[in-house]
Each structure stands twice: as structure tokens, then as C-alpha cells.
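Here's a quick briefing to read alongside the model. Have the sequence and the 3D view open as you go.

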Amino acid sequence: MADTDIVATRADRPAGDRRLRPYLGFIWPALLVCTAVIIFPWLFTVWMSLNDWHIGSDRTFVGLENYIKLATDRRFLEAIGHTFYFTVLAVFLPLVLGTLSALVFHRKFRGRGFFRTLFIMPMMATPVAVSLVWTMMFHPQLGVLNYLMSLVGLPPSQWVFSTGTVIPSLVLVEIWLWTPFVMIIVLGGLASLPNEPYEAALIDGATQWQMFWNITYPLVLPFLVVAMIIRTIDALKAFETIWVISNGGPGTASETLNIYLYAQAFSYNQVGTASAVVVVFFAIIVALSLVLLWTRQKAKWA
Amino acid sequence: MTTITGSDTGSAAPARTATNLRTRRKVRKLLDKAGLALAVAVLLAPCLFVFFWMLSLSLKYDIDNTAWPPVFIPTQPTLDNFVHVFDESPMLLYFWNSIQVTGTATLAALLLGVPAGYGIAKARAHGLAALLLLSRMTPGLSYLIPLFTLFQMMGLIGTVWPIALTHMVITLPIVVWIMIGFFETLPQELEEAARIDGASLWQAFRYIALPLARPGIVVGAILSFIYSWNNFIFGAVFAGRTTRTMPVAVYNMLTFESFAWGPLAAAAIVVMLPVILLTIVIQREIVQGLAAGGVK
């Protein structure tokens, strides 16, 4: 994390310091609060991950033992697997659908503003409340989804009540919630596109598909990567939907890192183990974000 | 474009070709329009259906809600479910808790975040902006273990203040982020002129930049309000029986009344109504603000 910091400011450091000084008065109150509510928990977590502490009993320093235990904990390793499975689907599908929706909402038509407002409603709605409604829709016997499936001749599904379908079902909710977010970012990208290449392509007799693939796609790619990075971070961290709808179940079939973390911390009160999970979890998030940032740089140069 | 090259063959009947061309173009345009309408409908259908189903469930008696095949349009609409929600649980208290938590967190974030956004934008301190991204990457739960321990030691658990304080983890980055983007687009000249006339940095900010930034502040305030209102985890961990926020209260209903679908749907509507209304108010700014915030 320190690396990105250095890279971002190295170029303008001498000038930057001079520029920054007069404005420090504006920044430090916020910085102070950030330190209190963000940095302090971090130091605490790293320290606690080196201790064995069950709330209510004594704390003992154990070094890296928590991490070693995690490395052999099957439930933890499975949680990592579930997290990746969930994340890949919950990033890729909203990205594709969000891009398609952006292409549609970029066109000018009557009532566009109104329909666009309707379309972004899901991402603003309270996730817990939305998850509640989906829980009722997923019900295998009385849920409306199985009824809709039967209307188009599909067999009923167990949705979140079977180990095989639980994660894809949860991804469905995630798609519903976050496709508008991708749409908004890509829409911002489309709005910034120049007109000239399209006019030139039209004169040269290019088809719609050729124009999309050779002009729109490369120009919008940086925006897609941004959407992808944010979506990846959020999908890795997804909590409310999973917690409310399946609670990590059936069994531990949909237990992601975040759910496992919650159980360790607040059901079993294992502060040491939970802190170690946080550190590993954060390392995964940062590593993935850096990989994606790197692809963004590559996309810029290409 | 294909119509132009395709029909440009016969010079013998130019008039006929012209009308032919026109009708073809018309058909093409119509097809295009129909395709667009279809695409919009397909995109909106899942979005609207969930909201429609929530509304439908909330307006029906449970006998209709558990009927098979499902009853879509309530035959005997009723508001009983909403009455039930307010009768069975102290929903007004929870509403007030949510207002306190979200209001405090949003106001504090504005107080600290607007000047900070200004400072970062003017000083072009991108390193500090990157710090914000880091706060977004951190899983919310990871703040909770240390803060929970801390608050417990301080004896604050059981009041709304720890919840409000932790909600600043959400609201402060949003406000700073949006204000950076906003102040960067403001023209420099006015403040420079004020500075030459002897205004201090603070005065330039207070009397020039701040009034100009009002639209940005409104967007930042509403967005942070929405995200704080919607947040569940912080409240779930810190809230006691009387300090639940709305999302926590609704989640608790699920655990106790998992088959009372009508009241559950009604509660879901009650929780999200404020944010839905706010979204409608600032939908244009959301589209602009998030697009800008996401890219920088």
C-alpha cells in the first residue's frame, strides 16, 4: 500500500510539499479522524493477529501461530475458494450486463432520464431489505422465482437451499444490485468519447459491430478497468446479501471470507484468529487490486 | 448506410427509388426504435419486478402471499402489514436511531470532509486521495473488532454514538472523494483575485469556494446519507435492543418472523423508502457524481 503512495507522489514531491503546506490546516482534522477510525484499528488488528485472545480470557502472545493454524484450517481454505468463485461471477457478469446497459442508455430516446433513474434504483436500495425480498423469492416451494421458471418450462430450482446452486443464486442478487453501478461508470466513459472517429468510420463504411469493437471498446476500456477494480473490491467484501440470504449455508457451502471472519470474531469471540483472517483478507484484496491496476496501466499503453 | 449503397442502382426511375429509399429508411428506423424499446424493457424488467413483488407482498394477506400459483396483483389490498410492523416493533424508535446515526455521521463528515477535499484538490495531494481508496479496500468487519473492544472498554456499547462514529468510516471518504472532484473543476481565478485583495486562504475558501461548491456538497451529503442509512454491519455489531438502526431491525424481523412475508415486505419498504426518495431527488447528480468519482 505504501508503494502506490510513493509512485503517485514521487514525480511532484518537491513542488508538492510546497503546495501542500498552506492547505494542511484544511486537511488535518479529517486526517486525524481517519487515523483514529482507520489506522488505529489497523495497528490493533496486526498486533492482535499475533496473539491468542478469546474475549473473556487472558491474552497471550503466540507469534505467527494464528497464521499457521489458518493455513491448515480446511474451513478457512474453503472460504477462500468460495470467495473467489463468488467474486469471479459477481465481477464478470455485472461488467458485461452493465456495459450492455450503458450502450442502451447512451442512446437518446424519450424518457431516458426517467428509465435511467428506475434502472439505478437497485444500487441505492437498502441491501438488507433487498436481500430479504430475494430470500422470499428464492423459497423453493412458495417462491415466485420457481413459478416464473415453470412459466417458461424450466424445472424448479433449490436456489440457496442446495450446496450446488447457492453461490450462483447469491451472485444473481449481486448482479441485480450492482449492474447499475457498472452502467453508470461506463456511461461516464461513453459520454466522454469524441465524435470524429465514428464519422470517419461511417464514411469508410464500417458496420456497427466494427465501430464498437475498434473504436468504442478500446476507448472505454480504462473505464471498464476502473469498474472492474471497484467491483472486485466490493465483491470480495460482499457481506449483507450472503449473511441475510444464506448465512453461509447450507452447511458452509456459501461461507466466504467475510462470513467466516464474522463467525470467528463475533460468534466464537476468537479475536486473535479473526485478526489474522483480516490481515490475510486485506492482503488478498490489495494484491488483486494491484494486479488490476497494473492491467489498467497496460491498457493505457496499449 | 447499407441502404444508400444498395438502392443506388436504377437511374431509370429515380422517383421510385427515392420513395423506396425513404420507406426503407423508415422501416429501418422503426425496427431500430422497436429494438431499443425491447432492450430497455428487458433491462428494466428484473429491476422493476423485484420492487413490484415487494410491494405486492406488502399489500396482501398472508394467505395470498403463500398461495400457489402466486397472486401478483392483490385482490384485496390491505395496509395491515404496515400497521403490524409499527405495532409489533418500536419501528419509530429505530427510525429515530437511524436518523441520529446517519445524521451525525453525515454532518460530521461534511464538517471535516469538505475542507479536506478542498485542501487535497488545491494542493493536488494525490497520495492522500490514494489513502481514501485504501479505506474502501478494507473490509468493514476489520474495523469492528478493534473498535468493538475499544468501545467496550469505554463503556459506550449500548448507545448510538459508537455506531455514529463508525459510520464515519463510510461517510467521510465519500464526502472527501466527491468534494475533491468538485473543487478540481471550480475555476481558480476567483480565489486568486480574492487572495490578491488580501483574503486569507480560509476566507477564500469560506466566502468564494464554499458557496460555489453548494451543489457538490448537496450530492456528497445525500450520497453519504444513503450509504450510511443502508449500512448494516456496524449497527449489527454495536447495536443493543434499543439502539438498533433500521436495517438491523428489519434483519431481526427476518430471524423471528421468517414466514410472515407480508410484514417482512412491508418492513423492507419502510426501510428503503427514504433512500429511494432521495435517489429520485438527485438521480442526475448521482449519475454524474459516481461516474466522475469512479474514474479519478
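**Chain A and the domains of chain B**

In chain A, 68% of the contacts with a separation of 6 or more are between residues 24 or more positions apart. Keep in mind that this is a predicted model. Chain A comes with 14 helices and two strands, and over in chain B the domain assignment gives domain 1 (2-58) and domain 2 (80-295).

**Chain A: dimensions and burial**

- Lay the C-alpha trace of chain A along its principal axes and you get a span of about 75 × 65 × 35 Å.
- Chain A has 302 residues, and 52% of them are buried.

**Chain A: surface and charge**

- About 14,000 Å² of chain A is exposed, with 67% of that coming from carbon and sulfur atoms.
- Chain A carries 19 positive and 16 negative charges, and the mean positions of the two sets sit 9 Å apart.

**Chain B: how the two domains meet**

- Going by C-alpha centres, domain 1 of chain B and domain 2 of chain B are 43 Å apart.
- The contact between them involves five residues of domain 1 of chain B and ten residues of domain 2 of chain B.
- Between domain 1 of chain B and domain 2 of chain B, about 570 Å² gets buried, and carbon and sulfur atoms give 80% of that area.
- On the domain 1 side of chain B, the residues losing the most area to domain 2 of chain B are B:M54, B:L57 and B:S58, which together make up 82% of what that side buries.

Conventions: Residues are numbered from 1 along each chain as its sequence is written. Chains are lettered from A and ligands numbered from 1 in the order in which they are written. This is a predicted model: local features need pLDDT of at least 70, side-chain atom pairs count only at pLDDT 80 or more; totals for chains, interfaces and linings use all residues. Side-chain values use heavy atoms; hydrogens and water are left out. Helices (H or I, at least four residues) and strands (E, at least two) are DSSP runs, numbered from the N terminus. Buried means under 20% relative accessible area, exposed over 50%, partly exposed in between (1.4 Å probe, protein chains only). Contact means heavy atoms within 4.5 Å. Accessible areas come from the Shrake-Rupley method with a 1.4 Å probe; for residues, only the protein chains shown count as cover. Lys and Arg count as positive and Asp and Glu as negative; His and the chain ends are not counted. The place of a charge is taken as NZ of Lys, CZ of Arg, CG of Asp or CD of Glu. Domain bounds come from an automatic or database domain assignment. Buried area is the accessible area (1.4 Å probe) that two parts lose on being put together, summed over both.
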